[in-house]
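Here is a briefing on one protein chain. Please keep the sequence and the 3D view open while you read.

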Amino acid sequence: MALGILLVSLVACTGKTSNDADCCKNEQANCKNKKAMSYAKKYTNADFYTDGKFNEEVAMQAYKDMFAHYDVPFTDFMGKEMWVTDFGLGDFENVGMGGIFWVNDEVHNYFAHAIYLLPGQMIPEHAHVKTKFAPKHETWMVTKGWAYNFSEVGDETPNAPAIPTSHGPVKSKNFVIQNVGDIIGLKEIETFHFLMAGPEGAIVDEWASYHDNDGLRFTNANAAL
């Protein structure tokens, strides 16, 4: 019986019996090798803009491609609620993001967000200020890839990545490299900060107090969500 089970397993792997008893192991190795490969930039602004207009469909496809590499399921909820934006700056390749609000509860004052960044993509520098709601406090954890986590609090960190010219100068000069599993909170309420993905892109979980869009302030006056 054990021999019969082995033969069935081989057939399931190849669709036929053969002398190549390592076929399943080879397939597993190929899968591991695929996942060991770093994700890399595949899209540019030439893809993201059609006649000068931001093409959200292509942007969404770019994130789906990254999800596939990182084995992130694209759920029905994501299909309905996920959004993409170039913040009106016309440089989605370098300045933009995808995201989804899992919850944003004004009454109970809590918020959960997924941040999606393509390779080298940054969120415009911003702060969250007090409105009729308290200023937002937030904490981030990278789940895939890695990111630069920038803050205006702290001394300038040397060897910073270049800020895209489409964004302009930033106030946040202190940064750390945030790897998978690293948990970092906003250093001070109402201070400027931003994330920039490394060359493998980044998927980041965010937990925070209620997000009031009226309290969002960008360094670049032309940026808007």
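Helices here are DSSP runs of H or I with at least four residues, strands are runs of E with at least two, and both are numbered from the N terminus. By that count the chain has 5 helices and 11 strands. The model is predicted.

**Overall build**

- The chain holds 225 residues, and 43% of them are buried.
- About 12,100 Å² of the chain is exposed. Carbon and sulfur atoms supply 54% of that area.
- Take the contacts between residues at least 6 apart in sequence: 72% of them join residues at least 24 apart.

**Strand β7 and its partners**

- Strand β7 covers residues 138-151. Of its 14 residues, 10 are buried, so the rest of the structure largely encloses β7.
- β7 pairs with β10 in the antiparallel sense, over 12 bridges. Threonine 139 has tryptophan 207 of β10 as its bridge partner. Glutamate 138 is bridged to alanine 208, also in β10.
- β7 also runs antiparallel to β8 (residues 174-178), with 5 bridges between them. Here alanine 147 stands opposite glutamine 178.
- Another antiparallel partner is β9 (residues 183-185), joined to β7 by 3 bridges.

**Methionine 141, a residue to inspect**

- Methionine 141 lies in β7. Its bridge partner in β9 is isoleucine 183.
- How far apart are methionine 141 and isoleucine 183 in sequence and in space? They are 42 residues apart in sequence, yet 4.6 Å apart from C-alpha to C-alpha.
- With neighbours within four places left aside, methionine 141 contacts Gln178, Gly181, Asp182, Ile183, Ile203, Val204, Asp205 and Trp207.

**Strand β10**

- Strand β10 spans residues 193-208. Of its 16 residues, 12 are buried, so β10 too is largely enclosed by the rest of the structure.
- β10 pairs with β7 over 12 bridges, and 7 bridges join β10 to β5, again antiparallel.
- On the β5 side, alanine 114 has aspartate 205 of β10 as its bridge partner.

**Nonpolar cores**

- The largest nonpolar core has 26 residues. Which members touch the most others? They are Phe87, Ile115, Leu117, Ile123, Leu195 and Val204.
- The elements that give two or more residues to this core are β5 (110-117), β7 (138-151), β10 (193-208) and β11 (216-218).
- A second core of 21 residues is separate from this one. Among its members are Tyr39, Phe92, Ala114 and Tyr116.
- Isoleucine 123 belongs to the largest core. Residues up to four places away aside, isoleucine 123 touches Phe87, Gly96, Met97, Ile115, Leu117, Phe194 and Leu195.

**Aromatic rings**

- The structure holds 19 aromatic pairs.
- Tyrosine 39 and tyrosine 70 form a tilted pair, with centres 6.2 Å apart and planes at 45°. Tilted is the class for plane angles that are neither under 30 degrees nor over 60.
- This pair links distant parts of the chain, 31 residues apart. Tyrosine 39 sits in the loop between α2 (23-36) and α3 (45-48). Tyrosine 70 sits in the loop between α4 (56-69) and α5 (76-81).
- Are the two rings' residues buried or exposed? Tyrosine 39 is buried, at 4% relative accessible area. Tyrosine 70 also counts as buried, at 13%. The cut-off is under 20%.
- Tyrosine 148 and phenylalanine 150 make another tilted pair: 6.4 Å between centres, 50° between planes. Both residues are buried.
- One aromatic cluster is formed by Tyr43, Phe48, Tyr49, Phe54, Tyr63, Phe67, Phe74, Phe92 and Tyr116.
- Phe92 and Tyr116 appear in that cluster, and both are in the second core.
- Phenylalanine 74, another cluster member, also has a charge over its ring. The charged end of lysine 64 sits there, 4.6 Å from the ring centre.

Notes. Residues numbered from 1 in each chain as written. Predicted model: local features only at pLDDT ≥ 70, side-chain atom pairs only at ≥ 80, totals over all residues. Heavy atoms only, no water. Core = buried A, V, L, I, M, F, W, Y, C linked by side-chain atoms within 4.5 Å. Buried < 20%, exposed > 50% of the residue type's maximum accessible area, 1.4 Å probe, protein only. Contact = heavy atoms within 4.5 Å. Phe/Tyr/Trp six-rings, centres within 6.5 Å; stacked < 30°, edge-to-face > 60°. Lys NZ or Arg CZ within 6 Å of the ring centre and 35° of its normal. Areas by Shrake-Rupley, 256 points an atom, 1.4 Å probe, with all protein chains shown as cover. Pairing = 2+ DSSP bridges.
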